[in-house]
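Trainee: I'm new to this one, and I'd like a close look at one small part of its surface. Please walk me through it and then show me what surrounds it along the chain.

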Amino acid sequence: HTGAEDGVACGACAAGEYKAATGSAACSACPDWTSSVAGSTVLSACLCEAGYTASKNGVVCTPCAASTYKNATGATTCPACPSYTVSPAGSTSLSECSCLAGYRPSEADDV
């Protein structure tokens, strides 16, 4: 929370910001491709957005590699697309994994 000066009412830092110290200092922006909930008090509250990953929370995130996706926030890994499919870098959903040329979606009764 921050106020224009000490001794006045304060408002929560906006989503995508955090502030760890007390006092009237401004809130800090989360690193690129991360976001936080309003009122966050630590850098580690800045989580990678879907389609992005990092080694830990609170650092700049990078897009998931091609042929992977990530539909959750945080510093989790990007799961691989199924066999014989590909997706663009930064994919946020399994549905972005498309069949390669020469392949079609599997039917439930395929063996």
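Mentor: Let's start with Val86, which is partly exposed because its relative accessible area is 33%. Keep in mind as we go that this is a predicted model. You'll find Val86 in strand β7, which covers residues 85-86. Val86 has company, too: together with Tyr84, Leu100 and Tyr103 it makes up a nonpolar patch on the surface. The accessible area of the four together is about 370 Å².

Now look at Tyr84. Its place is in the loop between β6 and β7, and with 49% relative accessibility it counts as partly exposed. Its backbone deserves a glance as well. Most residues other than glycine have a negative phi. Tyr84 has a positive one, near 65°. Tyr103, another member of the patch, is partly exposed too, at a relative accessible area of 43%.

So which rings pair up here? The structure holds two aromatic pairs. In one of them, the ring centres of Trp33 and Tyr52 are 4.6 Å apart and the planes sit at 10°, so this pair is stacked. Trp33 is in the loop between β2 and β3, while Tyr52 is in strand β5 (residues 52-53), so the pair ties together parts that are 19 residues apart in sequence. Tyr52 is buried, since its relative accessible area is 15%. The other pair brings us back to the patch: the rings of Tyr84 and Tyr103 have centres 4.3 Å apart and planes at 10°, so they are stacked. Here Tyr84 comes from the loop between β6 and β7 and Tyr103 from the segment after β8, so this pair, too, joins parts that are 19 residues apart in sequence.

Trp33 is worth one more look before we move on. Like Tyr84, Trp33 has a positive phi near 65°. At 45% relative accessibility, Trp33 counts as partly exposed.

Next, the cysteines, and we can begin with a pair that involves the loop holding Tyr84. A disulfide is a covalent bond between the sulfur atoms of two cysteines. The count in this model comes to five. One of them joins Cys81 and Cys97, whose sulfur atoms are 2.0 Å apart. The torsion about their S-S bond is about -65°, so the link is left-handed. It connects distant parts of the chain: Cys81 lies in the loop between β6 and β7, and Cys97 in the loop between β7 and β8 (98-99), 16 residues apart. Cys81 is buried, at a relative accessible area of 11%, and Cys97 counts as buried at 13%.

Another bond begins and ends in the loop between β6 and β7. Cys64 and Cys78 have their sulfur atoms 2.0 Å apart, and at -65° about the S-S bond, the link is left-handed. Both cysteines are in that loop, 14 residues apart, and both are buried.

Further back in the chain, Cys13 and Cys27 form a disulfide as well, with their sulfur atoms 1.9 Å apart. About the S-S bond their torsion is about -80°, so this disulfide is also left-handed. Cys13 lies in the segment before β1 (17-18) and Cys27 in the loop between β1 and β2 (28-29), so the pair ties together parts 14 residues apart in sequence. Cys13 is buried, with a relative accessible area of just 1%. Cys27, at 19%, still counts as buried, because the cut-off is under 20%.

If you number the bonded cysteines along the chain, the pattern is 1-2, 3-4, 5-6, 7-8, 9-10. Which cysteine is in no disulfide, with the sulfur of Cys97 as its nearest cysteine sulfur? That's Cys99, and the distance is 9.8 Å. Cys99 is partly exposed, with a relative accessible area of 34%. Cys10 is unbonded as well, because the closest cysteine sulfur, in Cys27, is 9.5 Å away, too far for a bond. At 46% relative accessibility, Cys10 counts as partly exposed.

To pull it together, go back to where we began: Val86 shares its nonpolar surface patch with Tyr84, Leu100 and Tyr103. Within that patch, Tyr84 and Tyr103 stack their rings. The loop that holds Tyr84 also contains Cys81, which is bonded to Cys97 in the loop between β7 and β8.

Conventions:
Residues numbered from 1 in each chain as written. Predicted model: local features only at pLDDT ≥ 70, side-chain atom pairs only at ≥ 80, totals over all residues. Heavy atoms only, no water. Patch = residues over 30% accessible without salt bridge, like charges linked within 9 Å, V, L, I, M, F, W, Y side chains within 5 Å. Areas by Shrake-Rupley, 256 points an atom, 1.4 Å probe, with all protein chains shown as cover. Salt bridge = Lys/Arg side-chain N within 4 Å of Asp/Glu carboxyl O. Helix = DSSP H or I, 4+ residues; strand = E, 2+ residues; numbered from the N terminus. Buried < 20%, exposed > 50% of the residue type's maximum accessible area, 1.4 Å probe, protein only. Disulfide = S-S within 2.5 Å. Phe/Tyr/Trp six-rings, centres within 6.5 Å; stacked < 30°, edge-to-face > 60°.
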